[in-house]
Amino acid sequence: MATVKEILTETDFAPVISSLPPSTLLIIYFHAPWAAPCKQMSTVLSTLASTYPSDAPLAFLSINAEELPDVSEQYEVTAVPYIVLQKDGQTLETVSGSDAAKVRAAVEKHAGVSTGDSSKLGLPPAQAVTKPAQQSAGLESSNGSTGGAKNFASYAPSASNPKTAPEYPSGTQTSKEELFERLGNLVKAAPVMLFMKGTPSAPQCGFSRQTVSILREKGIRYGFFNILADDEVRQGLKEFADWPTFPQLWVDGELVGGLDIVKEEFENSPDFLNDYSVSSQRNTGSPAASEAQAQPV
């Protein structure tokens with residue numbers, strides 16, 4: 001029977017792909033050990049693979065999205081679990097999320113129904129996740145506090161303490177020009193702005209989680225915007241920045257890039273973003289003065 005093969009290093013990936021006949025259907029599964037839905041999906045794919053004979057023209061590959069970032073970037077993985085169905089170098093279909101029935105249907109669509117009795121797999125339904133109310137914008141000191149004075153990870157401005165990155169009412173219809181004007185203000189809402197999935201205290205994807213970890217480790221004070229709370233910003237920023245994935249790090253209104261570029265910048269220059277560290281004179285770890293903050297419209 002077929003099995004799921006774990007790809008451990010990026011140098012292993014290309015040889016494995018090239019060793020397979022072009023007619024082979026590849027089921028490439030991106031996961032992360034910290035993501036609970038991936039545990040379910042791992043079981044689903046192992047069970048599904050076992051219903052096909054070992055000589056079937058298909059291969060199940062498993063990849064830790066965080067450990068193999070170049071491969072993840074190649075397939076534009078921004079959340080896990082994420083499954084890519086590929087044949088002869090062409091992507092046939094992708095499935096994002098934990099809907100086991102959808103994954104099974106996609107595999108059987110392109111590979112044919114397995115010779116095993118897949119009706120007895122007992123695949124669980126998609127996980128229903130009720131997310132707690134999240135902040136969409138705020139400001140965090142990268143070490144989570146400013147000398148014990150305030151925890152910016154739970155920063156929730158009051159009327160007297162304006163938001164660093166203003167929210168717009170949900171359902172508000174705006175033109176492209178208005179949206180780009182808003183985005184232009186958002187990327188400058190703090191000297192360093194991170195557009196991420198979730199919040200620094202509760203990241204919703206591994207790449208956002210890693211970026212937050214790096215900024216905290218380096219002691220950088222930054223503003224953040226939760227793109228999951230505002231789909232208009234999420235979609236508009238891709239075009240505005242000409243950068244299709246998240247997280248995105250902006251400095252003084254200019255795009256730096258995603259996780260890989262942030263890593264490279266710090267590797268190439270240990271002093272990268274040093275002017276924005278909590279310990280620098282330029283940033284004292286408290287919110288900017290009201291007149292310096294972006295105001296809600």
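Q: Where does D242 lie?
A: D242 lies in the loop between helix 7 and strand 11, where helices (H or I, at least four residues) and strands (E, at least two) are DSSP runs numbered from the N terminus. This is a predicted model, in which local features need pLDDT of at least 70 and side-chain atom pairs count only at pLDDT 80 or more, while totals for chains, interfaces and linings use all residues. Residues are numbered from 1 along each chain as its sequence is written, and side-chain values use heavy atoms, with hydrogens and water left out.

Q: Why does D242 count as exposed?
A: Its relative accessibility is 67%, and exposed means over 50% relative accessible area, buried under 20% and partly exposed in between, with a 1.4 Å probe and protein chains only, so D242 counts as exposed. D242 also has a positive phi of about 55°, although it is not a glycine.

Q: Why does D252 count as partly exposed?
A: D252, found in the loop between strand 11 and strand 12, has 44% relative accessibility and therefore counts as partly exposed. Its phi is near 50°, a positive value in a residue other than glycine.

Q: What makes T51 count as buried, and where is its place?
A: T51 has its place in the loop between helix 2 (36-49) and strand 3, and at 9% relative accessibility it counts as buried. A polar atom of its side chain lies 2.6 Å from the backbone oxygen of L48. In the whole protein chain, buried residues make up 46% of the 297 residues.

Q: How do you know that strand 11 pairs with strand 7 and with strand 12?
A: Two strands pair if DSSP finds at least two bridges between them; strand 7 (residues 192-196) and strand 11 have 4 bridges in the antiparallel sense, and strand 11 and strand 12 (residues 254-257) have 3, also antiparallel. V251 of strand 11 is the bridge partner of V192, and the bridge partner of V251 in strand 12 is E254. Strand 11 and strand 12 form a hairpin with 2 residues between them.

Q: Which residues of strand 11 point one way and which the other?
A: Q248 and W250 point one way from strand 11 (residues 248-251), while L249 and V251 point the other way, and all are buried. In the loop between helix 7 (231-241) and strand 11 is P247, which a cis peptide bond with omega of about 10° joins to F246.

Q: What makes strand 1 and strand 5 the edge strands of the open sheet?
A: The open sheet of 5 strands has the order 1-3-2-4-5, with mixed pairing, and strand 1 (4-7) and strand 5 (90-96) are its edges, each pairing on one side only. Strand 1 runs parallel to strand 3 (residues 58-64), joined to it by 4 bridges, and V4 stands opposite F60.

Q: Why is helix 6 called roughly parallel to helix 8?
A: Helix 6 (residues 206-218) and helix 8 (residues 259-268) pack at about 25°, with their axes 10 Å apart; axes are lines fitted to C-alpha atoms, for helices over the stretch in contact, and angles run from 0 to 180 degrees between N-to-C directions. Angles under 35 degrees count as roughly parallel, over 145 as roughly antiparallel, 65 to 115 as roughly perpendicular and the rest as oblique, so helix 6 is roughly parallel to helix 8. The contact (heavy atoms within 4.5 Å) involves residues including F207 and I214 of helix 6 and V262 and F266 of helix 8.

Technical notes:
A polar contact is a pair of N or O atoms within 3.5 Å; within protein, one must be able to donate a hydrogen and the other to accept it, and residues adjacent in sequence count only if both atoms are side-chain atoms.
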